[in-house]
Amino acid sequence: MMSRCTIHSLAGLMITGLIASASAASTADWKPRSIYQTMTDRFARTDGSTTAPCNTTEGLYCGGTWRGTIDKLDYIQGMGFDAVMISPIIENIHGRVEYGEAYHGYWPLNLNNLNSHFGTHQDLVDLSAALHSRGMYFMMDTVINNMAYITNGSNPATHIDYSALTPFNNADYYHPYCNITDWNDMKDAQECQTGDDVVPLPDLFTEHEDVQQLLIKWAKNAIKTYSIDGLRIDAAKHVNPGFLKNFAEGLDNIFMTGEVLEGAVSIMSDYQSNYIASLPNYPIYFQILQAFTNGSTVVLAKAVEEMRMQLPDVNAMASFSENHDKARIASYTQDMAASKNVLVFTMLFDGIPMIYQGQEQHLAGNSVPKNREAIWLTKYDTDAELYKLIAKLNRIRSHAALLGEDYFEDSTHTIYQGESELAFTKGVQGRQVVMVLSSQPSTSSAYTIDLTVSYNAGTRVTDVLACKNYTVDNLGTLRVPMAKGEPRVFFPTNFLDGSGLCGHSSGNISLAQLKTHSGFTSAGVQLMSTTGLATFLLAVATSFITLL
């Protein structure tokens, strides 16, 4: 008979194994996920305050922590997100310059130490464990392009003390100092510095084997220590592209999405074909702005088709419409209709949705640093209109994928284009998601559009945002009522059980069960996904320990 100590040890190993099994997830593992991007210093405080001041224009630390993030995971999961990204974790330069402090995490000083402003080693371990216990993935924002040093106006070519930087503590680890003069020239962008003469960012010589191996060694240790499932690579455009490939291979091809701030689909295609599996989808982002803040819907429809035709795997891209470097949608227009349409497209278009903290609260920061608001000042309002919308969109996306893994192998197609409307379809015919978007304002009048390409004749569909049912007529036309610039999202009514939407049951259910009307509801036994099974077993193991 096993002793109590032995049982405890085995249960502990079981929990550790379950958590670790989520780590080093592949691109395929990430495709069904949706990511909530936090900026650690601005998301949640350890003391739980919702009134602590945070002056974004000063650019100072405001007190957000990893422990605070743990305490607000219910808020994130309430929107249906199953992955969280945090700011870079490493120690940053200390001190204040004319535009602030290193609250954002992008001014590395020492790769071997944590940023103590965000918390302790144990806090970060606990955050990882808390995420995995919920079946959520853990993504770390990562800086591999540069280090940082304060010169406060002195010439960076002569006033950087490289010995202060760890582990790259001499000038041989860096490209010779130069300013980027042409940001569109890749050689210039990859070999010169992205900083200024106040906080220069010494550009790591990532072509060099020693630099590569030190970065891989550091990242491996961080991934193992904190059970990290994926990486965002900051400023990937400025890293030697060959190293991006070596970096991924050195980390067992863990999922990583690399920031290449370019609008050309051809550049994205080159990177995805040769260097990195995923990139934030900047070409689509720029056309989202054109469509819903300038009314130029034609450019978005064109971009969707270009992405589908030219990219090796558009479903591996990160789909976004706000981030910490770009103006928020509400800074272009306060019209809620525009923000709704942007979110519907962002969440349901090809790729892995990445929603930046505060987008759900309709924040309106128009530039850096104003777009880095403290989320606690919103009181974490779960009744916010966009918070509820995101929850619905995550539900329908997850449900469509649950009914067939092929959902993330299919590409979005444009099926309708009007003067101010666009309609797109994604998924296998008969169980596809159809979104109808509008660039009209919330003051616009009611009208109807006819979708002659959507579902088969006679199919009953539900607009899952308004919970209204429609039937495709005998000629195969779906008549869609439009008003107030509101988006529509359709799905076959007969396949909505298990989605938790519009009065339908929630819980995992198979396509075969839905077709035979024998699916289990949330009141009965449910099938479990791999993540759900791991979470269930973790809970059982934890309860088992408690009973001992």
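The legends below accompany close-up views of a predicted model of a single protein chain.

**Figure 1. Overview of the predicted chain and its secondary structure.**
The chain has 548 residues, 56% of which count as buried, and its secondary structure comes to 18 helices and 17 strands. Its accessible surface amounts to about 21,400 Å², and carbon and sulfur atoms contribute 51% of that area. Among contacts in the chain with a separation of 6 or more, 70% are between residues 24 or more positions apart.

**Figure 2. The open parallel sheet of seven strands.**
Following the sheet across, the strands come in the order β7-β6-β5-β2-β1-β9-β8, and their pairing is parallel. The edge strands are β7 and β8 (318–319), each of which pairs on one side only. Within this sheet, strand β1 (residues 35–37) and strand β2 (residues 83–86) run parallel and are joined by three bridges, and in this pair Ile35 of the chain stands opposite Ala83 in β2. Strands of a sheet pair through backbone hydrogen bonds, which may be arranged in either a parallel or an antiparallel manner.

**Figure 3. Surroundings of the buried residue Glu360.**
Glu360 is found in the loop that connects β9 (352–356) with α16 (385–402). Although Glu360 is buried, it has no salt bridge, and the nearest side chain of opposite charge, that of Arg328, is 6.5 Å away; this distance exceeds the cut-off, because a salt bridge requires a side-chain nitrogen of Lys or Arg within 4 Å of a carboxyl oxygen of Asp or Glu. The side chain of Glu360 does, however, make a polar contact with the side chain of Tyr36, at 2.7 Å. In addition, a polar atom of the Glu360 side chain lies 3.0 Å from the backbone nitrogen of Gly358. When residues up to four places away in sequence are not counted, Glu360 touches Tyr36, Tyr75, Met79, Ala384, Leu386, Tyr387 and Ile390.

**Figure 4. Two further details of the loop between β9 and α16: Pro369 and Lys379.**
Pro369 lies in the loop between β9 and α16, and the peptide bond leading to Pro369 from Val368 is cis, with omega near 10 degrees. Lys379 also belongs to the loop between β9 and α16, where it has a positive phi of about 65 degrees although it is not a glycine. With a relative accessibility of 46%, Lys379 counts as partly exposed.

**Figure 5. The cis peptide bond between Thr166 and Pro167.**
The bond from Thr166 to Pro167 is in the cis form, and its omega is near 5 degrees. Pro167 is placed in the loop between α7 (156–159) and α8 (186–191).

**Figure 6. Leu251 and Asn253 in the loop between α10 and β7.**
Leu251 lies in the loop between α10 (241–250) and β7 (255–258), and with a relative accessible area of 5% it is buried, since buried means under 20% relative accessible area. Leaving aside residues up to four places away in sequence, Leu251 touches Ile216, Ala219, Lys220, Ile223, Leu231 and Met256. The C-alpha atom of Leu251 is separated by 8.8 Å from that of Lys217, and these two residues are 34 residues apart along the chain. Asn253, which has its place in the loop between α10 and β7, is by contrast partly exposed, with a relative accessible area of 49%. The phi of Asn253 is near 55 degrees, which is a positive value in a residue other than glycine.

**Figure 7. Strand β17, covered on both faces, and its antiparallel partners.**
Strand β17 (residues 488–492) is mostly covered, five of its five residues being buried. Arg488, Phe490 and Pro492 are on one side of β17, whereas Val489 and Phe491 are on the other, and the residues of both faces are all buried. Strand β12 (residues 433–438) runs antiparallel to β17 and is joined to it by three bridges; in this pairing, Arg488 in β17 is the bridge partner of Val436. Strand β14 (residues 460–463) and β17 likewise run antiparallel, with three bridges joining them, and Thr462 stands opposite Phe491 in β17.

How values were computed: Residues numbered from 1 in each chain as written. Predicted model: local features only at pLDDT ≥ 70, side-chain atom pairs only at ≥ 80, totals over all residues. Heavy atoms only, no water. Helix = DSSP H or I, 4+ residues; strand = E, 2+ residues; numbered from the N terminus. Buried < 20%, exposed > 50% of the residue type's maximum accessible area, 1.4 Å probe, protein only. Lys, Arg positive; Asp, Glu negative; His and termini not counted. Polar contact = N/O pair within 3.5 Å; in protein donor to acceptor, adjacent residues only side chain to side chain. Contact = heavy atoms within 4.5 Å. Areas by Shrake-Rupley, 256 points an atom, 1.4 Å probe, with all protein chains shown as cover. Pairing = 2+ DSSP bridges.
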